[in-house]
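Visitor: Could you take me through one part of this fold in detail? I would like to see how its pieces are arranged and what packs against what.

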Amino acid sequence: MKILIVDDDPKYRTFLARGLEESGVLCETVGDGEQAVKLLTERSYDLALLDVMLPGIQGWDVLEALRDKGIDTPVIFVTAKEGLTERVRGLRMGGDDYVVKPFAFEELLARVHAVLRRRHHSLQRHVGDLDVDYIEGKVTRAGEAIDLTRIEWGLLRHFVEHLGETVSRTALLQAVWGMDFDPGTNVVDVHVRRLRQKVDTPFDRPLIHTIRGAGYVLEDRG
C-alpha cells in the first residue's frame, strides 16, 4: 500500500516514513497543506496521515478540500492536539481515525491496518479474470499469482483506477514517476510492454490495449 505523510516537521516525516517502509508500506511525504491537497488530488494513495497544524492551510482544510472534490482517500489525523473537541471535529469532518502524538509506532500501524480493513471492499478491483488487492499488494489472473515490480504495480494501479478510460503517457509519467515533463524517452512504453508480458501474454485475451496516438486503456473486451 501507499501512504502520504503530511507534517511540517522533516525529522518526524523521515522517522515515520522509515518505520512504515520497514513494515512494507510505500511512503511519500510533504510538509504543507497546499501541496498535500495537490498530491492527493493528482495521485492515488491508500491512506493519508495528516497533521492538523500545518503551514499555509491546516489539516482541517486539507480534509475539507478533498471531500469537496469527492476524493475519499482514508485520512488519519496524527497530531499533538489532544482535546476532545479536536477529536470529534476530525471524525465528524470525515476523518477515519485520530491519533495523538506522542504515540507507540505499533499502535499507529495497527490503526492504519484497521482503517484499511474497514475500507477493504473498496480496495479490491476486478477486471475480467484479473484481481487486484490493494491492501495485500497482490495481483492474480485466472487464479495465477503475478509478481510485479514497483513500477509495474504503479502502472497497473493507475490503469485500474481509470478503467475503460484512455490514459496518456503524460498522465502515466506524472502518476508513476512523478514527472511533470516528457523526458524524451520511451520509458513508459518499455514498462507497459513488460507489464503486458506478465498480465496479458500468458492468458487468453489482452486487457491492456494501445490507443494509437493517445495512450493505453485497460478494459475487458470479452
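Guide: Happily; here is a walk through one sheet, followed by a pair of helices. Please keep in mind that this is a predicted model.

Let us begin with the sheet. It is open, has 4 strands in the order 6-7-8-9, and its pairing is antiparallel. Strand 6 (124-127) and strand 9 (144-146) stand at the edges; each has a single partner strand, so one side of each is left without a neighbour in the sheet. On average, neighbouring strands here are turned by 25° against each other, direction ignored.

Now look further in. Strand 7 (residues 130-133) pairs with strand 8 (residues 138-141) in the antiparallel sense, and 4 bridges join the two. Within this pairing, Val 132 has Val 139 of strand 8 opposite. A helix also packs on the sheet: helix 6 (residues 150-161) touches strand 6, strand 7 and strand 8. The direction of helix 6 makes about 105° with that of strand 7.

For a helix-on-helix view, turn to helix 2 (residues 33-42) and helix 3 (residues 59-68), which pack at an angle of about 25° with their axes 9 Å apart. Angles under 35 degrees count as roughly parallel, and helix 2 and helix 3 are therefore roughly parallel to each other. The crossing of helix 2 past helix 3 is right-handed. On the helix 2 side, the contact is made by Gly 33, Ala 36, Val 37, Leu 40 and Thr 41, while helix 3 brings Val 62, Ala 65 and Leu 66. Sorted by character, the residues of this contact are 6 nonpolar, 2 polar and no charged.

Conventions
Residues numbered from 1 in each chain as written. Predicted model: local features only at pLDDT ≥ 70, side-chain atom pairs only at ≥ 80, totals over all residues. Heavy atoms only, no water. Pairing = 2+ DSSP bridges. Axes fitted to C-alpha atoms, helices over the stretch in contact; angles between N-to-C directions. Contact = heavy atoms within 4.5 Å. Parallel < 35°, antiparallel > 145°, perpendicular 65-115°, else oblique. Left-handed = near helix turned anticlockwise from the far one by under 90°. Nonpolar A, V, L, I, M, F, W, Y, C, P; charged D, E, K, R; others polar.
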